[in-house]
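Grab a pencil and work through these exercises with the model open beside you. Try each task before you read the solution under it.

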Amino acid sequence: RSNKASHGFMTSRELDTLLAVALRSSTIEWAVNVQICDTIKDNQYLAPLAITRIDERLRHDKPSAVMLALSLLEMLVKNCGMVICRAINEGVAETLVGIVKKKESWRYGFGRNLHKSGLSEWLPHGVAIGEDKRQQWRQASQKVLEIMQLIVDAFLMHEGALRPIFSAYKQLRQEGYEFPRSSTGVAADLCLVNGAEDSPAYLAGASAAP
């Protein structure tokens, strides 16, 4: 039986197995991520399950785990478009905002202070936040901003259907966070998002391109 056919008969348990492999690896599992994207496109009702599992990992204390989840989320947004974006509920949107604001949390500040105090070697692994982790959290924050800008630009005309992510985006904009854009004024990978070609932002970016 071909992969295409197997995607068409994918069950939630089978998808859960793929998600576990992708989200609990030590590196990005590109082939598995592609399989997950194909599965969601062929079984749209499974999109909420994928988002739920991604959300669970986005709440992890390790930035490496969060980055793996964000990489899969970005890939799903690009390949599945509205199908996956509709599954991003208020809870997931709040999780994404929390990653952007990580440096403002008491736990992050506490971990940084412990590292600076020199006491980190006496504490359980993962409690203190060193320079490497600080950089990783910075990258995670930036990736969230990129994904949010990508969704907003791609589905500018569908704000009503994607209220949670649009509200989170507007909240961060109002609080002064800067969202990355390309030289054409839109999200850098906008042309890669499935279904984005009808967006005014897509058309504006295309006309502004050299």
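**Warm-up: one residue on a helix**

S167 counts as partly exposed, because its relative accessibility is 38%. Keep in mind that you're looking at a predicted model.

**Exercise 1.** Find where S167 sits, and work out how far its C-alpha atom is from that of A93.

*Solution.*
Step 1: Place the residue; S167 belongs to helix α10.
Step 2: Check the chain separation; S167 and A93 are 74 residues apart in sequence.
Step 3: Now go through space, where the two C-alpha atoms are separated by 8.5 Å.

**Exercise 2.** Describe the overall makeup of the protein: how many helices and strands does it have, and what share of its residues is buried?

*Solution.*
Step 1: Count the elements, and you get 11 helices and zero strands.
Step 2: Write them in sequence order, which gives α-α-α-α-α-α-α-α-α-α-α.
Step 3: Turn to burial; 45% of the 210 residues count as buried.
Step 4: Look at contacts between residues at least 6 apart in sequence; 69% of these join residues at least 24 apart.

**Exercise 3.** Work out how α7 and α9 pack: what is their crossing angle, and which residues meet?

*Solution.*
Step 1: Recall what you need, since two packed helices are described by the angle between their axes and the distance between the axes.
Step 2: Take helix α7 (residues 90-100) and helix α9 (residues 131-154); their axes come within 8 Å and cross at roughly 135°.
Step 3: Classify the angle; anything over 145 would be roughly antiparallel, so α7 and α9 are oblique to each other.
Step 4: Add the hand, which is left-handed for this crossing of α7 and α9.
Step 5: List the partners: L96, V97, I99 and V100 from α7 meet A140, S141, V144, L145 and M148 from α9.
Step 6: Sort the residues of this contact by class, and you find eight nonpolar, one polar and no charged.

**Exercise 4.** Do the same for α9 and α10: how do their axes cross, and which residues make the contact?

*Solution.*
Step 1: Helix α10 covers residues 163-174, and its axis comes within 10 Å of the α9 axis, with a crossing of roughly 120°.
Step 2: That angle makes α9 oblique to α10.
Step 3: The crossing of α9 and α10 is left-handed.
Step 4: On the α9 side, the contact uses L145, M148, Q149, I151 and V152, while α10 brings I165, F166, A168, Y169 and L172.
Step 5: By class, the contact of α9 with α10 has nine nonpolar residues, one polar and no charged ones.

**Exercise 5.** Zoom in on Q149: is it buried or exposed, and which residues does it touch?

*Solution.*
Step 1: Locate Q149 in helix α9.
Step 2: Its relative accessible area is 0%, so Q149 is buried.
Step 3: Leave out residues up to four places away in sequence, and Q149 touches Y169, F179, P180, R181 and A187.

**Exercise 6.** Check the cysteines: how many disulfides are there, and is C85 buried or exposed?

*Solution.*
Step 1: Count the disulfides; the structure holds zero.
Step 2: Take C85 as a case; the nearest cysteine sulfur belongs to C80 and is 9.2 Å away, and C85 is in no disulfide. The cut-off for a disulfide is sulfur atoms within 2.5 Å.
Step 3: C85 has 1% relative accessibility, so C85 counts as buried.
Step 4: Now try C191, which counts as exposed because its relative accessibility is 55%.

Notes
Residues numbered from 1 in each chain as written. Predicted model: local features only at pLDDT ≥ 70, side-chain atom pairs only at ≥ 80, totals over all residues. Heavy atoms only, no water. Axes fitted to C-alpha atoms, helices over the stretch in contact; angles between N-to-C directions. Helix = DSSP H or I, 4+ residues; strand = E, 2+ residues; numbered from the N terminus. Parallel < 35°, antiparallel > 145°, perpendicular 65-115°, else oblique. Left-handed = near helix turned anticlockwise from the far one by under 90°. Contact = heavy atoms within 4.5 Å. Nonpolar A, V, L, I, M, F, W, Y, C, P; charged D, E, K, R; others polar. Buried < 20%, exposed > 50% of the residue type's maximum accessible area, 1.4 Å probe, protein only.
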